[in-house]
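Me: I would like to see how the labels put on this structure are justified. Please set each value against its definition.

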Amino acid sequence: MAEYMTARTDYTFEELVDLKRVAGRTMDRARVTLHRGVILLLAAACPVLGVLVLAGPRPDYAVAGVYFLLGAVMLVAFWKYYQVVAARMERKTRKKRSPDHFVFGEYGVDITRGEEKARCPYSDCARLLETGLCFYLFHQGGKGLTISKANIQGGSPDELRAWLEGKCQLQAQWMGGRN
């Protein structure tokens, strides 16, 4: 296979946040909407409970304060949802996580993670997404590759996008995020 470019994804915290954000806007949209809805509901309910505790016959300022604080924590969790779930993922996978190495050849992408090796033919690609940090290349089976723009060798992110769009015959879909 003729080598065109290579890339490496280390799964830094920023890349994990980006991955969770893209997954939440595409594949896990219903689940993320439900989770965020419950968090927002709790963020609204806690201060109401705090007010009810204060309005009762024997106001307890400590309990009301706990409700107000819990409501504030839930509001921050709603606002920073993707950072929270990325931090959780980072803690869970810290010991067994290893970088992904990609070699973009004429007919597909060779992927290496530790001792594991796989090949993703361009003909199996179903979707190409892009953010400011990464490219996301999804197979027809639903699995995907996270390709960090920061660690591309042998070309630029623009050249890799053009290469992938040509080989996969897909247009990259911009998902937002910083450039």
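The exchange below takes salt bridges, burial, surface patches and strand pairing in turn.

Reply: This is a predicted model, in which local features need pLDDT of at least 70 and side-chain atom pairs count only at pLDDT 80 or more, while totals for chains, interfaces and linings use all residues. Residues are numbered from 1 along each chain as its sequence is written, and side-chain values use heavy atoms, with hydrogens and water left out.

Me: What makes Arg8 and Asp10 a salt bridge?
Reply: A salt bridge is a side-chain nitrogen of Lys or Arg within 4 Å of a carboxyl oxygen of Asp or Glu. The closest N and O atoms of Arg8 and Asp10 are 2.7 Å apart, so the pair meets the definition. The whole structure holds nine salt bridges.

Me: Why is Asp100 called buried and Arg113 partly exposed?
Reply: Buried means under 20% relative accessible area, exposed over 50%, and partly exposed in between (1.4 Å probe, protein chains only). Asp100 has 3% and is therefore buried, whereas Arg113 has 40% and is therefore partly exposed. Their side chains meet in a salt bridge at 2.5 Å, N to O. Asp100 lies in strand β2 (residues 100-105) and Arg113 in strand β3, so the pair ties together parts that are 13 residues apart in sequence.

Me: How are helices and strands assigned?
Reply: They are DSSP runs, numbered from the N terminus: helices are H or I with at least four residues, strands are E with at least two.

Me: Which parts of the chain does the salt bridge of Glu106 and Lys167 link?
Reply: The closest N and O atoms of Glu106 and Lys167 are 2.5 Å apart. The pair links distant parts of the chain, 61 residues apart: Glu106 is in the loop between β2 and β3, and Lys167 is in helix α5 (residues 157-168). Glu106 has 32% relative accessibility and so counts as partly exposed; Lys167, with 26%, is also partly exposed.

Me: What makes Val51, Leu54, Tyr61 and Phe68 a nonpolar patch?
Reply: Patches are made of residues with over 30% relative accessible area and no salt bridge; nonpolar side chains (Val, Leu, Ile, Met, Phe, Trp, Tyr) are joined within 5 Å, like charges within 9 Å. Areas come from the Shrake-Rupley method with a 1.4 Å probe, and for residues only the protein chains shown count as cover. The four residues make a patch of about 400 Å². Helices α2 (29-55) and α3 (61-79) each give two or more residues to this patch.

Me: Which residues gather in the patch of positive charge?
Reply: They are Arg88, Arg91, Lys92, Arg94, Lys95 and Lys96. Lys and Arg count as positive, Asp and Glu as negative, and His and the chain ends are not counted. The place of a charge is NZ of Lys, CZ of Arg, CG of Asp or CD of Glu. Arg91 is in helix α4 (residues 81-93), and its 55% relative accessible area makes it exposed.

Me: How do you know that β3 and β4 pair?
Reply: Two strands pair if DSSP finds at least two bridges between them. Six bridges join β3 (residues 108-113) to β4 (residues 116-121), which run antiparallel, so the definition is met.

Me: Why is one side of β7 and of β9 left without a neighbour?
Reply: Four strands form an open sheet in the order β7-β6-β5-β9, with mixed pairing. β7 (144-148) and β9 (173-174) stand at the edges, each with a single partner strand, so one side of each has no neighbour in the sheet.
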